[in-house]
Amino acid sequence: MTHGVAIAGWSALRVGKYMPGPGARGVVPETDRLFPVVRDALAMAGIGPDQVGAALFASNPPSTEQLGFAVQMASRLGLKCRAMLAEVGIMGLTGGLAFDMAADAIRLGRCDYALALGLCYQSNERVPVAMERGNRVVGDVDFQSIYGLTPISWYGLDAARYLHETGQTPADLAAIVLKSRAFAADNPLAQFRTALTLDEILSADRIVDPLGRHDVPAQADGAICIVLAREDLVAKKGPCYARLTGRGYAHDGHFQMGDRAHDITAFPAARQAVDDCLAEAGCKLDGVDLFELYAPCSITEALVTEAIGLFLKGEGCRAARDGTSGPGGPRPVNTSGGCLARGHPPSLTGLYGLLECAEQVTGRAGVRQVVGARRALHTCEGGNYNLALAHMLEGIAP
């Protein structure tokens, strides 16, 4: 027997930098950061720690001092999980994977309540260590990584190819940055809530040409907890809630940039995952009210919106520029501000995106609320969207 899955509660810290630097003294321990977040999420759900049957932690970065973090944190929280207690992770898919596995624990009847949660102290990583790890994840360590490419490098290659093929310029990509800041201005969880000008974006230092400082994500920390539950238990409590109605997953067969000729800007895994998610949800793309899409860089948002069929090839930037994907637009994308403005604590980004979807479809998004939002589509990815995971949340009124 399978059960419907709903979101019963959530809580998160504002994305930002909590650590003054590697090895600094007097910092707040990781467990002390995450504990109140979980406490508040459980309170919103109206349950105690003893009712949690599964806890899926987004894996911590290597800078985390406590090994076995999930078990230590569960002990402090008073959790005694009988379905699952684990740390999970695979690149940018990590937060979405924690959510996915928590949902499965409920769907399969293994527990009534499950947590998808985690903490990321990215700013505590030493720069040489972070650079070395970045090089190792870009591609085959015996073939590509030895040339010193970082993950932002492949997004730079994406951008160069896209601008060449479409005839657009960095100013067109900047429209996505401007749109992201406009959404983030009204998001209390966002790292960057101040507006930028086009001149500020275009004059900023180039990170990997043609991407500048504002086209790529800043270093960020975060802490978040989402409480999932059997739908019937949430429904009987009365208020509007978010129900998980669809899920899709795909791998395109390549590792990062790949070692075989292919279109690195096509993102076929994203298209397949979203198509499968829509089919399971019984919904067409036009029936989705907002899109929270994992997009570390400005170019990534343009490419993934086009890959899933939201916009035509070359129209992803134009949609941001003419307001189609911005505040008040008919196809709002990344209403949280996305990775560029809400912020990008890598292992948790998927969870922050899902929290935004839950707030939107239950009418709790405040000033940035998409009017009449009922369905929200979320994606997260690994590599250059080689792996893609999609979820559909739907608001259910009492």
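Which residues have the most contacts inside the largest nonpolar core? Keep that question in mind as you open this predicted model.

**Stop one: the main core.** Select L211, F291, I299, I308, L377 and M392: these have the most contacts inside the largest nonpolar core, a set of 55 residues. Now colour the elements around them. The helices α5 (151-166), α6 (170-184), α9 (268-281), α10 (298-307) and α11 (316-321) each supply at least two residues of this core, and so do the strands β9 (290-293), β10 (375-382) and β11 (387-396). Linger on α9, which gives the most to this core, with seven residues.

**Stop two: another core.** Next, select A12, A58, A103 and L228. They are among the 40 residues of another core, which lies apart from the one you have just seen.

**Stop three: a surface patch.** Return to helix α6 and pick out L178. Is this leucine buried or partly exposed? L178 counts as partly exposed because its relative accessibility is 30%. Add L198 and L202 to your selection, and you have a nonpolar patch on the surface, with about 200 Å² of accessible area for L178, L198 and L202 together.

**Stop four: an enclosed helix.** Select residues 349-361, which make up helix α13. Here 13 of the 13 residues are buried, so α13 is largely enclosed by the rest of the structure. Try the distance tool on the end C-alpha atoms of α13: they are 19 Å apart, which agrees with the 18 Å that its 13 residues should span at 1.5 Å a residue.

**Last stop.** Step just past α13 to G363, which takes a positive phi of about 70 degrees.

Methods. Residues are numbered from 1 along each chain as its sequence is written. This is a predicted model: local features need pLDDT of at least 70, side-chain atom pairs count only at pLDDT 80 or more; totals for chains, interfaces and linings use all residues. Side-chain values use heavy atoms; hydrogens and water are left out. A nonpolar core is a set of buried Ala, Val, Leu, Ile, Met, Phe, Trp, Tyr and Cys residues joined through side-chain atoms within 4.5 Å. Buried means under 20% relative accessible area, exposed over 50%, partly exposed in between (1.4 Å probe, protein chains only). Helices (H or I, at least four residues) and strands (E, at least two) are DSSP runs, numbered from the N terminus. Patches are made of residues with over 30% relative accessible area and no salt bridge: like charges are joined within 9 Å, nonpolar side chains (Val, Leu, Ile, Met, Phe, Trp, Tyr) within 5 Å. Accessible areas come from the Shrake-Rupley method with a 1.4 Å probe; for residues, only the protein chains shown count as cover. A salt bridge is a side-chain nitrogen of Lys or Arg within 4 Å of a carboxyl oxygen of Asp or Glu. The expected span of a helix is 1.5 Å times one less than its number of residues.
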